[in-house]
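Reader: I have the sequence and the model open side by side, and I would like to work through the fold step by step. Could you take my questions in order and show the reasoning behind each answer?

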Amino acid sequence: MTWKILVSAPYMQPVIEEYRGLLEAGDAQVEVVVPPVQERLSEEELLHWIGDIDGVIAGDDAFTERVMKAAPKLKIISKWGTGIDSIDRDAARRLGISVCNTPDAFTDSVADTVLGYVLCFARQLPWMDRDIRAGRWEKRPGRSLRETTLGVIGVGNVGREVIRRAVAFGMRVLGNDIVTIPDSFLAETGLEAMGKDRLLAMSDFVSLNCDLNPTSYHIIGKAELALMKPTAYLVNTARGPLVDEPALVRALQQGEIAGAALDVFEVEPLPNDSQLRKLGNCLLAPHNANSSRKAYRRVHENTIRNLLAHLQQASGMPAG
């Protein structure tokens with residue numbers, strides 16, 4: 001038996017041959033297809049490749065119902081990483097296509113990134129570096145984290161680790177989630193659970209750590225930004241569409257908030273003409289908060305194991 005596998009996950013593509021032994025650990029032969037990908041494949045790009053594919057190691061590709069209907073052999077979409085918001089799971093269920101991911105894949109690295117941004121803003125590190133390089137000797141005012149309040153929207157795996165790190169710095173921590181936060185975690189950290197609007201009004205830093213779903217799309221827009229302190233900072237390392245980018249640009253330009261740090265964007269890669277690129281109070285990164293050598297290896301291996309388990313099951317083969 002031969003399975004044809006599409007590898008569209010950008011982090012997996014450069015190293016896929018290193019995992020050839022794991023892919024072919026069973027009796028089946030595996031043909032690997034590696035299409036050109038910059039960040040993710042669009043619906044039209046997927047339609048070009050998907051026709052005779054048995055399984056996919058996917059990035060944040062647009063797996064719409066149209067794409068899946070064009071793939072009569074497709075049995076499994078194995079997502080590299082955690083977020084599966086780009087996959088139409090209802091359509092996959094109707095079509096008998098399994099969808100799996102690697103939960104809790106990058107919790108530590110993303111949580112570290114959030115605190116890194118908070119420290120940059122509190123201590124003004126990037127701006128002092130720019131001053132020195134431009135020939136300026138300016139002592140910028142900073143804040144100790146112990147003097148500040150962090151609000152976390154989305155108290156899941158990543159959100160909880162962000163909170164634990166913030167508590168270690170002595171910060172006051174506020175949390176908001178549509179799911180009830182366990183009493184044990186509240187007791188452990190001293191987290192104050194509250195509504196989103198109150199959290200926004202009270203926080204010096206706001207970190208978005210929720211999934212992208214219909215309830216969280218543009219969870220931060222014009223009205224929410226207006227609730228924040230003019231001295232507050234927004235950090236988004238979760239999903240770009242959580243934030244209404246034009247509203248954020250206006251808020252940053254008009255001084256409604258002090259700054260923002262964005263690892264993710266509504267359109268990726270970030271377009272060259274994006275107004276965000278022109279704002280000196282906005283720190284930008286190329287969707288890289290997950291960067292961790294050990295975590296990458298663990299996700300590579302688990303994504304392949306998920307893929308093979310579902311292919312073997314669909315083919316009636318014993319699990320390898």
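Reader: How many helices and strands are there in the chain?

Author: This is a predicted model, and the counts that follow are computed from its atoms. The chain holds both kinds of element, with 12 helices and 12 strands.

Reader: What radius of gyration does the chain have, set against that of a compact globule?

Author: For 320 residues, a compact globule would be expected to have a radius of gyration near 20 Å, and the value for the chain agrees with this. Along the principal axes, the C-alpha atoms fill a box of roughly 65 × 45 × 35 Å. The radius of gyration of the chain itself is 22 Å.

Reader: What share of the residues of the chain count as buried?

Author: The chain exposes about 15100 Å², of which carbon and sulfur atoms supply 50%. Among contacts with a separation of 6 or more, 61% come from residues 24 or more positions apart. Buried here means under 20% relative accessible area, and of the 320 residues the share that counts as buried is 50%.

Reader: Is strand 1 largely enclosed or not enclosed by the rest of the structure, and how many of its residues are buried?

Author: Strand 1, residues 2-7, pairs in the parallel sense with strand 2, residues 29-33, over 5 bridges, and within that pairing Leu6 has Val33 as its bridge partner. Strand 1 also runs parallel to strand 3, residues 55-58, to which 3 bridges join it, with Ile5 standing opposite Gly55. Strand 1 is largely enclosed by the rest of the structure, because the number of its 6 residues that are buried is 5.

Reader: Which element gives the most residues to the largest nonpolar core?

Author: This core has 31 residues, and those touching the most other members are Ile153, Ile220, Leu234, Leu248 and Leu276. Two or more residues come from each of helix 9 (196-202), strand 9 (205-208), helix 11 (245-253) and strand 11 (259-262). The element that gives the most, with 5 residues, is helix 11.

Reader: Which residues does Ile220 touch, leaving aside those up to four places away in sequence?

Author: Ile220 is one of the core residues that touch the most other members, as are Ile153 and Leu234. With residues up to four places away in sequence not counted, the residues that Ile220 touches are Ile153, Leu200, Leu208, Leu225, Leu234, Leu242, Val243 and Asp244.

Reader: Which handedness does the β-α-β unit that includes strand 9 have?

Author: Strand 9 pairs in the parallel sense with strand 6, residues 149-153, over 4 bridges, and there Ile153 stands opposite Leu208. Strand 9 is also joined by 4 bridges to strand 10, residues 233-236, which runs parallel to it, with Phe205 and Tyr233 as bridge partners. Phe205 and Ser207 point one way from strand 9 while Val206 and Leu208 point the other way, and all of them are buried. With helix 10, residues 222-227, strand 9 and strand 10 make a β-α-β unit that is right-handed.

Reader: Which elements do the buried residues of helix 11 pack against?

Author: The buried residues of helix 11 are Glu245, Ala247, Leu248, Val249, Ala251 and Leu252. Helix 11 is followed by Gly255, whose phi is positive, near 75 degrees. The elements against which the buried residues of helix 11 pack are helix 10, strand 10, strand 11 and strand 12 (282-284).

Notes
Residues are numbered from 1 along each chain as its sequence is written. This is a predicted model: local features need pLDDT of at least 70, side-chain atom pairs count only at pLDDT 80 or more; totals for chains, interfaces and linings use all residues. Side-chain values use heavy atoms; hydrogens and water are left out. Buried means under 20% relative accessible area, exposed over 50%, partly exposed in between (1.4 Å probe, protein chains only). Two strands pair if DSSP finds at least two bridges between them. A nonpolar core is a set of buried Ala, Val, Leu, Ile, Met, Phe, Trp, Tyr and Cys residues joined through side-chain atoms within 4.5 Å. Contact means heavy atoms within 4.5 Å. The radius of gyration is taken over C-alpha atoms; the globule rule is 2.2 Å times the number of residues to the power 0.38. Accessible areas come from the Shrake-Rupley method with a 1.4 Å probe; for residues, only the protein chains shown count as cover. A crossover is right-handed if, with the strands pointing away from the viewer, the path from the first strand over the helix to the second runs clockwise.
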